Amino acid sequence: MPKVKTNSSAKKRFKVTGTGKIMHQKAFKRHILTKKSTKRKRNMRKDGEVAQPNMKFVLRLLRLRG
């Protein structure tokens, strides 16, 4: 029986914390930053937590749940 592989793109995009939360980078921080406010850009530096409706799907991609 072959091993089940973790989704490679998912393991690069998500990070599991010690408490079991799954964190992700915020979107819209790559380019066209001049029109965005400093406060908005500063808040995008922090990692976001994966929302509860998406949690089951992300856990499956990371092979943390069958």
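## A walk around Lys36

Not counting residues up to four places away in sequence, Lys36 touches Phe28, His31, Lys41 and Met44, where a contact means heavy atoms within 4.5 Å. Before going on, note that this is a predicted model, so local features need pLDDT of at least 70, side-chain atom pairs count only at pLDDT 80 or more, and totals for chains, interfaces and linings use all residues. Residues are numbered from 1 along each chain as its sequence is written, and side-chain values use heavy atoms, with hydrogens and water left out.

So where is Lys36? Look in the loop between β2 (22-24) and α2 (38-45). Those labels come from DSSP runs, numbered from the N terminus: helices are H or I with at least four residues, and strands are E with at least two. Lys36 is buried, and buried means under 20% relative accessible area, with exposed over 50% and partly exposed in between (1.4 Å probe, protein chains only). Lys36 also has no salt bridge, that is, no side-chain nitrogen of Lys or Arg within 4 Å of a carboxyl oxygen of Asp or Glu. The nearest side chain of opposite charge is Asp47, 16 Å away; here Lys and Arg count as positive and Asp and Glu as negative, while His and the chain ends are not counted.

What does Asp47 pair with? Asp47 forms a salt bridge with Lys15, and their closest N and O atoms are 3.6 Å apart. This pair ties together distant parts of the chain, 32 residues apart: Asp47 sits in the loop between α2 and β3 (48-49), and Lys15 in strand β1 (residues 14-16). The structure holds 1 salt bridge. Asp47 counts as partly exposed because its relative accessibility is 30%.

Now back to the loop between β2 and α2, where you'll also find Phe28. Phe28 isn't a glycine, yet it has a positive phi of about 70°. With a relative accessible area of 64%, Phe28 is exposed. Ile32 lies in that loop between β2 and α2 too, and it has a positive phi of about 55° although it is not a glycine. Since its relative accessibility is 47%, Ile32 counts as partly exposed.

Next, step into helix α2 to meet Arg42, which counts as partly exposed at 40% relative accessibility.

Last stop: Lys12, in helix α1 (residues 8-13). Lys12 counts as exposed, at 69% relative accessibility. The C-alpha atoms of Lys12 and His24 are separated by 9.7 Å, with their positions 12 residues apart along the chain.
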